[in-house]
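The exercises below are meant to be worked through with the sequence and the model side by side. Try each task before reading its solution.

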Amino acid sequence: MMKIARRPLLAGLLAAPALRGANAQSRVEGAITLVAYAGIFQDNYTKTVVEPFLQRFPGVRVNYVPGGTSAQMLGTVRAQAADPQVDVVLMDVTTSHIANLEGLFAEISPAEAPSLAELYPEARAVGMNKFGPAVTFDNLVIVYDKQNLKPEISKLADLWRPDLKGLIALSAPPNIQGLALTAMVEKMEGGSHTQSIDKAIAKLKTLAPSVQTFEPNPDGYSLILNGVVRVATGWNARAQLYSDETNGRLGVLLPPEGSVFQINTINVVKGSKNRAAAVAFANYALSQEAQKAFTERMFYAPTNAAAAPKIDPKAIARTAVSPENRARMIPVDWVEIVKVRDMWNNRWRREIVAAAGR
Amino acid sequence: MKSGTRLVLLTVPGVILLAAIYVWPMYGLGRMSFNETGPTGAMIPALSSKTWRELFADPFIFELTWNSIQLSVVSSTAALIFAYPLALFLFRTQSRWRGVIAALAIAPMLVNGVVRIFGWLAILGDRGLVNAALQGIGLTSQPVRLVYNWTGVTIGLTESLMPYMILALVAGFGRLDRSLEEAAASLGAPPWRRFLRVTLPLSLPAVALGWLLCFVLAMSAYITPKLLGGGRVFVLATEIYELSITSVNWPLASALALYTLVLLLLFLAAYSAMSRRQA
């Protein structure tokens, strides 16, 4: 009985800021188009965020359009700049920053979206404290074949094990996994990517001959599950989900040497034809209720600081915001990384991929 | 209405269609290449040659060009070598199965390119059929790397070009006259000499056309280098994709696309000039 009585109370408490932000929800109506990632992200985001939002705002319809990669989403928004057909976009921070600079996204304030006030400071900072903030945190992990790899991978340095020769899949830059890995290896070697990546390049060159592919298709998780490789890089949230779906065959490691946050932002398109509903949706997606539900479903770390303590500790432990994991995170400013991306990309091609042979 | 005017009017729908699907997008591509990209990746509307200067200042562009040409020459030539006997057989055979054989020869064109690539990955991968056979008969103890490198891309591209080569050759073999070969035979020429002195020279126009067609297709091939190259094979088409889809540098991607187009036009012009000289 107690449990049953607590749930609505908890849900009510969690939903309060979201409702406050849109206490004029009776006035919010019409359709909005949300562009975000496809596949399991869409399935789970629809169940944990979109559908509950629709229950709270019965007058609103959300048209979820799978937008491909963040860059493809940016292309869509760019092409529609004169007459936007999209209202809300969920994309990687490196591309949303470009869209912010190009004036494609609108500013949103805590006055209209109160959930913003509950976010971690770094979540709002990525939107320059005025544009769309971070909606999920994720981090780079090492994924491996738990069934066939003995001993298992326990640290980043294990990638250099001789028994893994030819059994590794890495995503080279400009893919952001490759950029994140560069920062991680530089840290492992005692350097800092903000100063130089010389140590990372030198170390990765020695790993190159063990790499089967620098462009895993469709992704590293699939290559491991199909037995093509034993180890790959991946993103924590998807890796955790695949791990559950395969009864633990896919091992997931947040390296003790450190990892890097990947950030998705939620953005309201400038010139949205239904700004009120778009802001209401963004506010709900950032609310404690939605953040808790999505983290517990898909292991993306929440960006709402107030939501974190209320999330199932087992789910939190599998994200990068658990106290133990958070301490291992390497601070990376993605906006600064974008400025050096071409240089890093060129060094990978000329020094690391070249060392792997043709 | 004069017949000349009617003829001109008949071309109007085609011209409009071409303008809509080719000229206008090409204009857009050209215009985009004169925009600039800021240090954080944001596109800056401009009318500047900065992007073009950046393109030619980077020596990697010449490496990409060389890679593309090298891959296209090798795979087109390999496709020619494999396709020529097949095409000649198809042209000459009187078998009632000719239609079936012809359909089989061009069947790969009916299969989606991505599906074909994944087929190659299954065949040539470390745990694929070829490696299983090599290890089974004791030729190697470790898998031979046949995919995720230049070898894989060359094999995949050659296979995907072969149907085009076969069609071009069969269509161009019309000039082959059996009686000329018979005449050569009656004068004592052995089969290999008949082939080198009669059959091959007569089929050269078809060979040149088929090779050029395949070369152009190979230069613009994207799926095969992308999926079979394992991130080791950098060519113009994959770079255009990376710039536009991953780095979101549309001005540079547009400039590179136009550069590739001009390169192909130069090859076509050279072919045209050579054909005229031959004629």
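**Exercise 1. The contact between the two chains**

Task: In this predicted model, establish how many residues of chain A are in contact with chain B, and which elements of chain A supply them.

Solution. Begin with the count: 28 residues of chain A are in contact with 21 residues of chain B. Next, assign the side of chain A that touches chain B to its elements, where α3 (70-79), α4 (93-101), β6 (211-213) and α14 (334-355) each supply at least two residues. Among the contributions, that of α14(A) is the largest share, with six residues. Finally, sort this side of chain A by class, which gives 12 nonpolar, 10 polar and six charged residues.

**Exercise 2. The overall build of each chain**

Task: Decide from the radius of gyration whether chain A is as compact as a globular protein of its length, and whether chain B is compact or spread out.

Solution. Take chain A to begin with, which has 14 helices and nine strands. Its radius of gyration is 21 Å, close to the 21 Å given by the globule rule for 358 residues, so chain A is as compact as a globular protein of that length. The C-alpha trace of chain A spans about 65 × 55 × 35 Å along its principal axes, and 54% of the 358 residues of the chain count as buried.

Turn then to chain B, whose secondary structure comes to 12 helices and two strands; from the N terminus on, the elements run α-β-β-α-α-α-α-α-α-α-α-α-α-α. The radius of gyration of chain B is 23 Å, well over the 19 Å that the globule rule gives for 279 residues, and therefore chain B is more spread out than a compact globule. Its C-alpha trace spans about 75 × 70 × 30 Å along the principal axes, while 31% of the 279 residues of chain B count as buried.

**Exercise 3. The two domains of chain A**

Task: Locate the domains of chain A and describe the side of domain 1 that touches domain 2.

Solution. The assignment divides chain A into domain 1 (2-137 + 263-321) and domain 2 (139-260 + 329-355), and the C-alpha centres of these two domains of chain A lie 29 Å apart. At their contact, 12 residues of domain 1 of chain A meet 13 residues of domain 2 of chain A. On the domain 1 side, α4(A) provides the largest share, three residues, and the residues of that side divide into seven nonpolar, three polar and two charged. Recall that α4(A) also supplies at least two residues of the side of chain A that touches chain B.

**Exercise 4. Two buried strands of chain A**

Task: For strands β7 and β3 of chain A, find which strands pair with each of them, and in which sense.

Solution. Start with β7(A) (residues 231-235), where five of its five residues are buried. Val231(A), Thr233(A) and Trp235(A) point one way from the strand and Ala232(A) and Gly234(A) the other way, and all are buried. Five bridges join β7(A) to β4(A) (residues 134-145), in the antiparallel sense, with Gly234(A) as the bridge partner of Val141(A). The pairing of β7(A) with β5(A) (residues 168-169) is parallel and has two bridges; here Val231(A) is the bridge partner of Ile168(A).

Proceed to β3(A) (residues 88-92), of which five of the five residues are buried, so the strand is largely enclosed by the rest of the structure. With β1(A) (residues 30-36), β3(A) pairs in the parallel sense over two bridges, and Val88(A) is the bridge partner of Leu34(A). With β9(A) (residues 261-268), β3(A) pairs in the antiparallel sense over five bridges, and Asn264(A) is the bridge partner of Asp92(A).

**Exercise 5. The two faces of a helix**

Task: Which residues of helix α7 of chain A are buried, and why can they be placed on the same side of the helix?

Solution. In α7(A) (residues 198-207), the residues Ala200(A), Ile201(A) and Leu204(A) are buried. These residues cover an arc of only 95° around the axis, which puts them on the same side of α7(A). What covers the buried residues of α7(A) includes α6(A) (176-188) and α14(A). The face of α7(A) turned away from the buried side carries the exposed residues Asp198(A) and Thr206(A).

Terms used: Residues are numbered from 1 along each chain as its sequence is written. Chains are lettered from A and ligands numbered from 1 in the order in which they are written. This is a predicted model: local features need pLDDT of at least 70, side-chain atom pairs count only at pLDDT 80 or more; totals for chains, interfaces and linings use all residues. A residue is buried if 20 or more other C-beta atoms lie within 10 Å of its own, exposed if 12 or fewer, and partly exposed in between; C-beta atoms are placed from the backbone. Helices (H or I, at least four residues) and strands (E, at least two) are DSSP runs, numbered from the N terminus. Two strands pair if DSSP finds at least two bridges between them. Two residues are in contact if their C-beta atoms, placed from the backbone, lie within 7 Å. Ala, Val, Leu, Ile, Met, Phe, Trp, Tyr, Cys and Pro count as nonpolar, Asp, Glu, Lys and Arg as charged, and the others, Gly among them, as polar. The radius of gyration is taken over C-alpha atoms; the globule rule is 2.2 Å times the number of residues to the power 0.38. Domain bounds come from an automatic or database domain assignment. The arc is that of the directions from the helix axis to the C-beta atoms.
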